[in-house]
Structure formats: structure tokens, C-alpha cells
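Biologist: Could you pull up the model and walk me through one of the helices, and then tell me how far to trust the rest?
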Amino acid sequence: MSQGQLATTNNVKVLASSAPRFEKIFVHIELIAAILSGVLIVTAWLVSKWNHESVSIAFYLAAFIIGGYAKAKEGIEETIKNKDLNVELLMFFAAIGSAIIGYWAEGAMLIFIFSLSGALETYTTNKSKKEISSLLEIQPETAIRVVHGREEKVHVSLLQVGDIILVKPGERVPADGKIAHGTTTIDESTISGESIPVTKGSGAEVFAGTINLNGSVTVEVTRHANETVFNKIIQLVQSAQSEKSPSQLFIERFEGTYVKVVLLVVILMMFIPHFVFGWNWNTTFYRAMILLVVASPCALVASIMPATLSAISNGARKGILFKGGVHIEGLSHVKAIAFDKTGTLTKGKPEVTDIIVRPDLNEQDLLHYAASIENQSNHPLAIAIVQYWKAKNNDRLMQPEQVEDVPGWGMKAKLNNQEWLIGKKDFVGSKEAHNFENGVAEKLENEGKTVVFVKDSSGIAAAIALQDIVRDETKNALLELKNEGIRTIMLTGDSETTAKNIAAQSQIDTYIAECLPETKVSSLKKVKEQYGMVAMVGDGVNDAPALATANVGIAMGEGSDVAMETADVVLMKNDLSRIAEAIRLSRKMNRIIKQNVIFSISVIVILIASNFFEFLNLPLGVVGHEGSTILVILNSLRCLGGDKK
């Protein structure tokens with residue numbers, strides 16, 4: 001591999017692992033500066049009460065510099081870069097204008113409110129970048145390459161298509177490929193989301209990032225490190241996060257125009273009234289400064305941020321973690337919600353659902369034998385059988401005389417002077433398993449269940465069916481969403497049979513089966529084309545691209561770190577019913593924000609008109625402007641209450 005290819009392969013990892021420390025420190029400094037400016041404002045106000053005007057102004061000036069530096073710097077840099085004015089500069093000019101006409105407190109408050117909201121927004125944005133690092137921690141960095149019978153450890157970026165690598169039990173597969181020799185059980189939950197491991201032998205495809213549970217296998221590499229399915233997950237997350245929302249694009253387009261109009265009108269106000277209406281220069285400048293103050297977007301900023309923070313606090317108390325106001329706002333417009341199956345609609349772990357025992361045997365005794373043997377295995381299905389026994393019985397498990405774990409097939413043991421086989425039907429005898437109890441296994445498999453057979457010296461003794469069980473709250477949660485007018489879709493890596501069965505149990509509207517991460521994303525994009533605003537609910541690494549692609553990504557709190565970092569909303573208590581609650585809270589917040597925006601704009605228009613007709617003096621202008629801000633904030637605090645009104 002050339003140096004250029006190697007650099008390309010490692011590019012994402014280098015960017016993620018070397019996250020700018022200065023930027024992280026700067027975020028905290030920006031937040032501290034905003035809070036400190038607020039403290040200085042309070043101090044200045046208290047000092048002014050003691051008639052120390054010059055000292056008070058000094059404190060206000062310090063609040064201006066400390067609180068406004070970051071946003072003023074950002075505004076100037078963005079203006080130079082984009083060659084366009086922005087709201088940061090307008091707020092800065094409005095604050096300076098307030099100080100020029102002697103209203104230091106009002107100017108300082110403008111700086112404080114804007115700098116605090118900007119610091120919180122920056123912190124939230126940078127916080128969401130961690131999922132790339134979390135993803136990369138899962139992908140192995142090295143592999144054991146076998147060359148002419150000799151093993152050598154190499155970096156995964158050096159692997160070529162056709163190389164043979166050795167994957168030992170308990171290791172993650174370092175590259176996409178096909179098994180050359182050996183049989184094993186692979187946990188593919190990071191790719192497919194399927195909780196039940198898959199048994200694979202020669203010729204079977206394996207994926208980087210998946211876990212080899214037991215057998216030692218050699219794998220022929222079929223894709224370069226930068227082309228693996230796992231690497232595609234990383235690329236999909238990056239791509240989806242770089243796309244700006246329509247609201248963001250609208251705000252960016254509106255910002256420059258708004259600032260230009262206000263500044264242009266203020267400049268005209270400084271001259272035109274003097275020549276047209278005969279105002280003296282002092283009056284003209286006075287009215288222009290009042291216009292700059294009352295036209296500042298302070299009330300508009302307060303229309304959104306307090307309501308958003310109140311809604312975030314309300315949600316947090318109920319176990320709903322919103323990562324930003326834009327996500328709460330977007331949630332109210334969602335028309336459809338796509339759900340991952342494993343760990344989201346279901347519990348994420350297989351459980352025993354059916355036990356069919358040969359008529360001449362006692363079910364209790366048979367299950368005791370089976371659990372005693374399965375207790376010697378760490379396979380998820382074996383663990384589920386043992387847990388099922390322990391939940392219903394206090395008797396101690398027996399110790400088999402002999403035990404052999406046959407990777408990919410099952411368990412072979414000697415217990416109570418009998419030979420036992422426990423595993424898949426091909427292991428115990430395909431024909432016998434098929435004919436057992438009039439073909440009951442086929443019926444169970446058609447219901448989407450995994451069947452484990454138990455065989456003793458007399459033949460098939462039992463069939464034990466296991467399935468990933470639908471959560472208790474799933475059905476009610478989906479019903480609540482339907483009552484809110486939301487369409488529900490299930491995206492799963494499971495087979496058509498299993499997906500159909502789970503969809504029927506949960507009463508979900510529709511489903512799409514056999515989804516890999518790429519097909520989950522493409523399927524989600526089709527759902528977005530059909531319904532517009534779409535949310536995605538998931539819990540695993542494989543759900544990360546879909547969570548990032550959705551308009552609103554919702555992660556389960558007990559899911560993977562990657563899913564929680566990628567998502568916009570996290571259900572900390574793993575309670576699906578909280579989704580409907582979050583939607584109601586979102587709708588309430590948006591109603592309040594609309595009320596605030598309409599009210600604040602109306603007040604600004606009235607104040608501007610009153611100023612133009614000389615009905616308004618500076619104190620009344622400040623009272624009207626700041627008074628409207630206070631009323632807007634008080635209205636916003638309603639988001640701290642219930643979510644239905």
C-alpha cells in the first residue's frame with residue numbers, strides 16, 4: 001500500500017484522536033466569561049446604588065469586554081470570511097449604542113444574554129463530535145497475518161485483499177473477509193443489530209468490528225481497511241452530521257439581511273430626520289441610538305433560549321435528554337418514527353419462550369439436565385436457558401462427568417450415565433429434529449424463534465425455543481405515538497420471518513427486514529421522502545448512521561456509547577413511552593416560542609414607530625424593550641410545567 005493510501009486510511013482516526021484541546025478549553029473559557037460578565041453586571045448595579053457612578057461604569061465596561069470578546073471576535077472573523085454582516089455584530093453595536101447614550105446596564109445585559117446562549121450552543125455542538133472517537137475504539141488497529149505458516153502482527157491499514165489473517169476466540173475481526181478454515185460463532189450486533197450470534201464456517205463472510213466468540217479461524221481479506229462495512233458506518237455518520245437542517249440554512253440567510261436592514265435604517269436615522277423634519281443633531285443622534293437599542297434582537301433571543309432551556313430541564317426530570325433546542329423544535333414536526341428492533345422494541349437478549357419435551361420425560365428433570373450442561377458454555381442461548389432454569393428453580397445445577405464445547409454446533413456431554421447433545425438440528429440429527437413432535441420445530445421457526453434441540457441416548461428429548469422478547473411497554477408506547485398521528489416503522493437486520501413476528505407482537509405499522517447499516521440508511525431516506533420529518537430510535541453501533549441521517553435521532557439510554565453520542569435525544573430510562581411525551585413537550589415549546597416571537601416583534605415594531613413619531617423617549621424605550629424581554633422569559637418558563645398545554 002502506498003504512503004498516500006495509508007494516509008487516507010488513517011485520516012479519520014487521526015482527526016478523531018487528535019481533537020483540538022485548545023478548542024475544548026476555549027469552550028469552557030467562553031462559558032466562564034459569560035457567567036463572569038453576569039457577575040460583573042450585578043456588581044455594577046449594586047455599586048451604582050451607592051452612588052459610585054464611575055466605579056459602576058468600570059464594572060459594566062469589564063462586563064462588556066469579558067462577556068463580549070468571544071462573540072465580537074467571532075462576528076468580525078465571520079464578517080471577513082463570508083463578507084457579510086451577522087447578528088453578533090448587531091448585538092455588539094446595540095450594546096455600544098446603549099453605552100453611548102448612558103445606558104450601560106442595558107448594553108451589558110445584551111452582551112451577557114447573547115454570550116451565554118452562544119457559549120452553551122458551542123459547548124453542545126462540540127460535545128456531539130465524540131461519537132467518531134467512540135466508533136474508532138471498537139475497530140481493531142492490528143491483525144495477525146499468516147504468511148507461509150508464519151504469524152506476524154501488522155497494522156490493519158497494511159492488509160491487502162487476499163491476505164490470510166488469524167482471528168482467535170474473544171477477538172474482534174480486524175477486516176472484512178471470508179472464512180478460509182475453521183468454524184466459529186460471530187457476534188455481529190455491531191453490524192446487523194442482531195443479538196443472537198451467528199455460526200459461520202468456511203466460505204462465510206465476516207465483518208470488521210464483529211466479535212469472534214469461540215472458535216479460532218483464518219480469514220481471507222476481501223476489502224481494504226478503508227472500504228470495510230464498519231468504516232462505512234463512520235463515513236455515514238460524518239456525512240449525515242455535515243448536512244445542515246433547513247432551519248439552520250434559513251437562519252443563516254436571514255441573519256445577514258436582518259443586520260444590514262437595521263444598520264442601514266439606523267445610519268439613515270442619524271441624518272435624514274435632521275434635513276427632512278428639522279430635528280437638531282442631538283435629537284437625531286438620540287433617536288438613532290434609541291432605534292438601535294429597541295431594534296436589537298434581545299427579545300427575539302429571549303423568545304427561544306429560555307423556552308428551550310426550560311423544555312430541556314423538564315425533559316431531563318422525566319428521563320429525556322435533549323442535546324439542543326433544534327432537536328426539540330424538530331421533534332414536533334416528525335411525521336414518522338423508525339425503530340431498530342433489537343434492544344429498542346425488544347429487550348435485546350434471547351429468552352426461553354417454549355419447551356416441548358418428549359412424552360416419556362419429565363419437563364422439570366429434562367430442563368435440569370439441559371441447564372446443567374449449558375452452564376458450561378458462555379453462548380448467549382446457553383446463558384438464556386440457564387437463567388430460565390434458575391428463575392424457576394432453587395435446585396443446584398449438576399456437574400457433568402464430561403463436557404465438550406463444539407464451536408458453531410453445540411454442547412456434547414455425559415451426565416447421569418447418559419450421552420447428551422444440545423445444539424442446532426444438524427448437530428443432533430437433522431431428520432430426527434425435523435420429525436420431532438410432528439414437526440413442531442418448523443412451526444416455532446416460522447414464528448421467528450431460534451430452536452435448540454436436546455438429545456439423549458433414546459433420541460430427541462426436547463426442543464427449546466428462544467426469542468428476543470418485545471419489551472412490556474412497547475405496545476403501549478407505539479399506541480401513544482399513533483394517537484399523536486405518528487407513523488411507526490421497524491428497521492431490523494433480522495430475517496423476514498422474525499421481523500414479521502415482532503411487528504405483529506408490537507403492533508407496529510410496517511417493517512423492513514434484513515437491514516445492514518447501509519440499507520438502514522437508504523431505507524430511512526426513502527421514509528423521509530415519503531413522510532418528510534422522520535425520527536429514528538436505536539441503541540447499537542450499527543444504528544449510528546441511521547440516527548445521524550434521521551431528522552431527529554433518539555437513542556436508548558442503556559444502548560452503546562456511540563448511539564448515545566450520535567443521537568439528538570437520549571431516553572435515559574429506556575422507556576419508549578417517553579417518546580410521545582417528548583413530542584408533546586416539543587409541540588408545547590414551539591407554541592410558546594411562536595407566541596414569544598410574535599409578541600417580541602410586535603413590541604419592536606411599536607417601539608420603532610413610536611420612536612419615529614417622537615412619542616418615545618429613551619427610558620420608555622428601554623422599559624418597553626427590556627419589559628418585553630422579561631414577559632417573554634416568564635412565558636417561556638411555562639415549559640417547566642406539564643407537556644400537554
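**Helix H18 and its surroundings**

Modeller: In this predicted model, helix H18 spans residues 474-483, and its buried residues are Thr474, Ala477, Leu478 and Leu481.

Biologist: Why do those end up on the same side of H18?

Modeller: Because the buried residues cover an arc of only 95° around the axis, they are placed on the same side of H18.

Biologist: And which residues are exposed on the other side of H18?

Modeller: Asn476 and Asn483 are the exposed ones there, across the helix from the buried set.

Biologist: What do the buried residues of H18 pack against?

Modeller: They pack against strands S11 (336-340), S17 (459-470) and S18 (487-491), and also against helices H12 (341-345), H19 (496-506) and H23 (577-612).

Biologist: What about the backbone just after H18?

Modeller: Gly485 follows there, and this glycine takes a positive phi of about 80°.

Biologist: Switching to Ser610, where does that one lie?

Modeller: Ser610 lies in helix H23, which is one of the elements that the buried residues of H18 pack against.

Biologist: Is Ser610 buried or exposed?

Modeller: Ser610 has a relative accessible area of 19%, and since buried means under 20%, it counts as buried. Leaving aside residues up to four places away in sequence, Ser610 touches Phe615 and Leu616.

Biologist: Now the trust part: what pLDDT does the chain average?

Modeller: The chain averages a pLDDT of 80, with 84% of the residues scoring at least 70. Over residues 1-23, however, the pLDDT is below 50, although this stretch has 26 contacts in the model beyond near neighbours in sequence.

Methods:
Residues numbered from 1 in each chain as written. Predicted model: local features only at pLDDT ≥ 70, side-chain atom pairs only at ≥ 80, totals over all residues. Heavy atoms only, no water. pLDDT = per-residue confidence, 0-100. Contact = heavy atoms within 4.5 Å. Buried < 20%, exposed > 50% of the residue type's maximum accessible area, 1.4 Å probe, protein only. Helix = DSSP H or I, 4+ residues; strand = E, 2+ residues; numbered from the N terminus. Arc of directions from axis to C-beta.
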